[in-house]
Amino acid sequence: MKRLSILGSTGSIGMQALDVVRARPEAFQVVAMAAGGQLDLLTEQVREFRPQLVSMGRREGARELEERLRGFPVKICYGAEGLAEVAAYSETELILLAVVGAAGLVPALTAIRAGKDVALATKEALVMAGALLTSEAAARGVRLLPVDSEHSAIFQCLEGGGRDALKRIILTASGGALRHVPKARLASVTPEEALNHPTWNMGKKITIDSATLMNKGLEVIEARWLFDIDVKHVDVIIHPQSIVHSLIEYVDGSVLAQLSPPDMRLPILYALGYPARFEHAFPTLDLVRVASLTFESIDRERFPCLGFAYQAVEMGGTAPAVLNAANEVAVELFLAREITFGQIPEVIEAGLGEHRPGDGGSLEEILAADREVREHLSRTYRGKGTHIS
Ligand SMILES: NC(=O)c1ccc[n+]([C@@H]2O[C@H](COP(=O)([O-])OP(=O)(O)OC[C@H]3O[C@@H](n4cnc5c(N)ncnc54)[C@H](OP(=O)(O)O)[C@@H]3O)[C@@H](O)[C@H]2O)c1
């Protein structure tokens, strides 16, 4: 029985992870959970999974939760400290980090410093502080297990073939909701259009990131750190069916791929169960029904955000943290209809352009860079654009 803490239990990944636990109750036990503001759902989850420790985003929420769970054997905490307490909980063997965005960085570091293996969905943490997190993990013998389907695929391929003769990694991208939207109309698509993802049902932030392809940019940086590879050797191609989750190529030209239906419960199960593989009743692959797998190159002009990710890695130090913060601000503004879809790259470029990268060696420096760019971009863009209906 593996004892788990799930950070972000009320989100898309968190709920699918709980589905995995439901499917294999003899293999996994949830001992701690953390969520933001979804009180009703968290209350239900606590009643069903009976964790010993729970954290909510805010104090008022935690009080209300306490009220609802009166007499229940659970400790309730809140805020950033609560999140850290769940991340370092002594009864936990494996942390599933699935809070969205920069809020995941401190809990990631806290879990690693507490010597806990981390199943990592929150790619933003690794983008912001890849050097710090991977060096701390290596120093403590902590495993960072990928949850992203692409990185799970690469991880599984490398388990099979080893990495000595690895030449390159090829990440696949579905192309997001706007793959067929004519370039001339792209700048003015609505949040509803951009949120309508063809193959994956995910949280709002990552769905917009998929539409801009910034998600793939963040994944290039994630791959750089998870697999210790120069981004020169990380390529991206479009694969609309989301069946081939990624590929690796060896120096002799041999290519290995991992395939499965587009269902996040599968990479989640692999990360939670690693190194064991578990049978399950989730849908499995029927290649005859899929019938055709297609691949296309990416139009980098149409999707400039991907290029910004490579640029940020080139700049080094705190630049990837700035890229991440600028993107989070841009997505928030777009969802609030304060900027157009076409302005998302402009906001990110402005963030990166203004930034003088520090070496990014410490958490404090990374968090300061994150804060600065958010303040700067909010001042420049918030409440300034035409309100878009
Ligand atoms: N969804 C996918 O299929 C998918 C695939 C690959 C990778 N990922 C990555 O996984 C992460 C989560 O994505 P998602 O789609 O699951 O996001 P989501 O549906 O928006 O869920 C985010 C979760 O984080 C919680 N949260 C947010 N801020 C918090 C805070 N300050 N303190 C505590 N909890 C907080 C939310 O709580 P409340 O809802 O209660 O406020 C929710 O449980 C992202 O980094 C994403 O890139 C997601």
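## Exercises on a predicted model

Leucine 259 is partly exposed, with a relative accessible area of 33%. Keep that value in mind as you work through the exercises; the model is a predicted one.

**Exercise 1.** Place leucine 259 in the secondary structure, and find the nonpolar surface patch that includes Leu259.

*Solution.* Start with the backbone: leucine 259 belongs to strand β11, residues 255-259. Next, take the accessibility. Patch members need over 30% relative accessible area, and leucine 259 has 33%. Finally, look for its partners: Leu287, Leu293 and Phe295 join Leu259 in a nonpolar surface patch, and together the four have about 320 Å² of accessible area.

**Exercise 2.** Describe the surroundings of the ligand, beginning with its shell of residues and ending with its buried area.

*Solution.* There are 24 residues around the ligand, and Thr10, Gly37, Gln38, Glu124 and Gly203 come nearest. Sorted by character, the shell has eleven nonpolar, ten polar and three charged residues. Two helices, α1 (12-23) and α6 (123-140), each contribute at least two residues to this shell.

Now turn to the backbone contacts. Serine 12 has a backbone N or O atom 2.9 Å from a ligand oxygen, and for isoleucine 13 a backbone N or O atom also lies 2.9 Å from an oxygen atom of the ligand. A polar backbone atom of glycine 203 is 2.9 Å from a ligand oxygen as well. To finish, the ligand taken alone exposes 900 Å², of which the protein buries 83%.

**Exercise 3.** Serine 242 and alanine 291 both have a positive phi. Which of them is buried and which is exposed?

*Solution.* First, the background: most residues other than glycine have a negative phi. Serine 242 has a phi of about 50° and sits in the loop between β9 (234-238) and β10 (244-250). For alanine 291, phi is about 65°, and its loop runs between α13 and α14 (304-315).

Then apply the cut-offs: buried means under 20% relative accessible area, and exposed means over 50%. Serine 242 has 6%, so it counts as buried. Alanine 291 has 65%, so it counts as exposed.

**Exercise 4.** Which peptide bond is cis, with omega near 5°, and where does its proline lie?

*Solution.* Recall that most peptide bonds are trans. The cis bond runs from tyrosine 274 to proline 275. Proline 275 is found in the loop between α12 (265-273) and α13 (287-290).

Terms used
Residues are numbered from 1 along each chain as its sequence is written. This is a predicted model: local features need pLDDT of at least 70, side-chain atom pairs count only at pLDDT 80 or more; totals for chains, interfaces and linings use all residues. Side-chain values use heavy atoms; hydrogens and water are left out. A residue is near a molecule or strand if one of its heavy atoms lies within 4 Å of it. A polar contact is a pair of N or O atoms within 3.5 Å; within protein, one must be able to donate a hydrogen and the other to accept it, and residues adjacent in sequence count only if both atoms are side-chain atoms. Accessible areas come from the Shrake-Rupley method with a 1.4 Å probe; for residues, only the protein chains shown count as cover. Helices (H or I, at least four residues) and strands (E, at least two) are DSSP runs, numbered from the N terminus. Ala, Val, Leu, Ile, Met, Phe, Trp, Tyr, Cys and Pro count as nonpolar, Asp, Glu, Lys and Arg as charged, and the others, Gly among them, as polar. Patches are made of residues with over 30% relative accessible area and no salt bridge: like charges are joined within 9 Å, nonpolar side chains (Val, Leu, Ile, Met, Phe, Trp, Tyr) within 5 Å. A salt bridge is a side-chain nitrogen of Lys or Arg within 4 Å of a carboxyl oxygen of Asp or Glu. Buried means under 20% relative accessible area, exposed over 50%, partly exposed in between (1.4 Å probe, protein chains only).
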